[in-house]
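Trainee: I should like to go through the reasoning behind some assignments. May we begin with the structure itself?

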Amino acid sequence: MLSKSSGRVASAYPEADAAWSSLTPLIAGQPRVRISRDGGKNYPQRFERDLTESRPVQPAAVLIYGRDGLCRTLALDFDSSVSGGEARVEADVRAVTILLYDHGARWIEDRSPNGGRHIYVPLSEPMTFLQARAMVEALATRYRSLDPTPHQNLRHGCIRTPGATHKSGGTQQLAMSLSMAMDVATNRNAAAVMSRLARSLHAELEAVAKERVTTEQVPAVAPSGAPEIMSRRIMVIATQGTYETSRYESPSEARQAVLVAAAAAGMQLTDIQRRIQQGVWPGLAQFYTRYSPSQRGGSLRRDWARAAKFVGSNPGNKHVLKTNTSEPSSQGGWVQGFEPGSDNEHRFIRSWRGALALSETRYQTSRIGLGRRLVLRSLGAAAHMKGSRVVEFGVRSLAISSGIEPTAVAAHLRALRSEADPLIRHVGEARGIHGDQYELVIPQHLQDVADKRSWPAGKLHALRPAFRELGSAAAFVYEALEDLPTTPPVSDIVRRTGLSRSAVHGALEVLAAWSLAERTPAGWSITLGTNLNAVAEVLGVLETVLEQVIRYKQQRELWREWLARRGSGLVMLPSPEEDYPWEQFCGPPDDWTLSDLALRAAG
């Protein structure tokens, strides 16, 4: 209905609105909220946006930990789906609140429509990720319906707060008055209270720590013999704050290991400081919260000086990054008649890009269609890189550049080459270690139009790393904003991308939430100072990409070994630098290099 006084739509849940706007900013670890687009099943990072007073209509959850790796409110999530259901939750909540009361702690409580409960314990002095996780896990050993999962992930741990929409309908309802809850949220629990609680949980905390020693082992990802850049073990410490207690006896040793690895990989102190300030390495940041804010910078500088000195005195620890800047050697079976790198080839590739732009509407907006557009762009990017309309990139390489699984890439390639007016032609079968060869072709009916069409400027992108998380629709919309005149309206973006109006609006919302685009009175534009690299790093995508690269490299090594054992005579081992066309997925050439990617990802 409409409010007579304002003419605005009145909320159906005024109490929920008040609880959300008043309490959520005081409970959240940082002023960001994640929206669920699938009815509350998942809260993906791509749908994260700034926290505002307006309560989201869809289910929404706030992050528990801040960018500094600290927890400012313990969030105890009691799940009614466990054996015993609501009766079990009721008994556990009663026992927990008695425990909190006995130790002088105060809390906020809310109820879910499905019988679950949340207990929030605001802290006057934040806990580190490791401390908060251990505390909640210790409580979970006592109370079976307590789910410790939200506190076990430094980057993605989140929880619905009072007033939030619930997936089953309705909202999280306070089990106390809003004024009482606000009093608890503003007059938070002192550190002495939490210390007393920790002492009473001493046995459980010890059991949790002992179990972690035997179970929390970080798997090695780097293949045998591969140079370590930043190992998976080190990146887990920097980003997630967890480490093997069997390897490092204290948080101080773990944080020093990160700095030594960073120095060995060629980073500078400013690189570390930026990652901490931007929340890219919250795991490392939390290790410095034992110091006062004014002392943290000095402590980091001292640790960095020791790390740099150690690396300087141990040259064997330095890792050299190698990139392939020369043309790969000629391989057998190559299609004849085209001279790679010639002006004719580059002109043809740009004309093909024009044909691609004219043909993309045939793929509509379905997930399959978007996937095929990305595969075609990956082939175009490979052609630019090789300077030839004929490319020999395996499905794994195309999977890296397109963000699509190899089996799906293979299916897209079969479909694309079977079209009535295909943009690619299969000209060579895979043989031994060599992949299928594909030639870019311009359909006859587009030949004249493509030749006369102005050549597109700049680099052809497949799927830049940030959009693996933000979505392919956001990638196409962002590209349109790059290419179209200043501040195009939504209608122009729809025509340029071939996406539906609703898909474009959704993509613009995602881009705006990550400060990649902004709305102006005239239309939309890319936000000044946009840095896709920084967004990709915050999203944690770069680690995923490099892990994928290494996994595929291991698979190729196994394939070569199998061929060698068969004595097929087809094994021609290229150098490691030739295995993968790094440049094709490393993003804009002006500010994105293999070194940048490698230093941000798992080794």
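Mentor: The discussion below concerns a predicted model and takes up salt bridges, burial and one helix.

Trainee: What makes the contact of Glu-48 and Arg-34 a salt bridge?

Mentor: The cut-off is 4 Å between a side-chain nitrogen of Lys or Arg and a carboxyl oxygen of Asp or Glu. The side chains of Arg-34 and Glu-48 meet at 2.9 Å, N to O, so the pair satisfies that definition. Glu-48 lies in strand S2 and Arg-34 in strand S1, so the bridge ties together parts 14 residues apart in sequence.

Trainee: Why are Glu-48 and Arg-34 called buried?

Mentor: Buried means under 20% relative accessible area. Glu-48 has 4% and Arg-34 has 3%, so both residues count as buried.

Trainee: Where do Glu-204 and Arg-142 lie, and are they buried or exposed to some degree?

Mentor: Glu-204 belongs to helix H6 and Arg-142 to helix H3, so their salt bridge links parts 62 residues apart in sequence. Glu-204, at 17%, is buried, whereas Arg-142, at 35%, is partly exposed, because that class runs from the 20% limit up to 50%.

Trainee: How do you know that the span of helix H18 agrees with expectation?

Mentor: At 1.5 Å a residue, the twelve residues of H18 (residues 472-483) should span 16 Å, and the end C-alpha atoms are 17 Å apart, which agrees.

Trainee: Why is H18 described as largely enclosed?

Mentor: Nine of its twelve residues are buried, so the rest of the structure largely encloses H18. Among the buried residues are Phe-476, Tyr-478 and Leu-481.

Terms used: Residues are numbered from 1 along each chain as its sequence is written. This is a predicted model: local features need pLDDT of at least 70, side-chain atom pairs count only at pLDDT 80 or more; totals for chains, interfaces and linings use all residues. Side-chain values use heavy atoms; hydrogens and water are left out. Helices (H or I, at least four residues) and strands (E, at least two) are DSSP runs, numbered from the N terminus. The expected span of a helix is 1.5 Å times one less than its number of residues. Buried means under 20% relative accessible area, exposed over 50%, partly exposed in between (1.4 Å probe, protein chains only).
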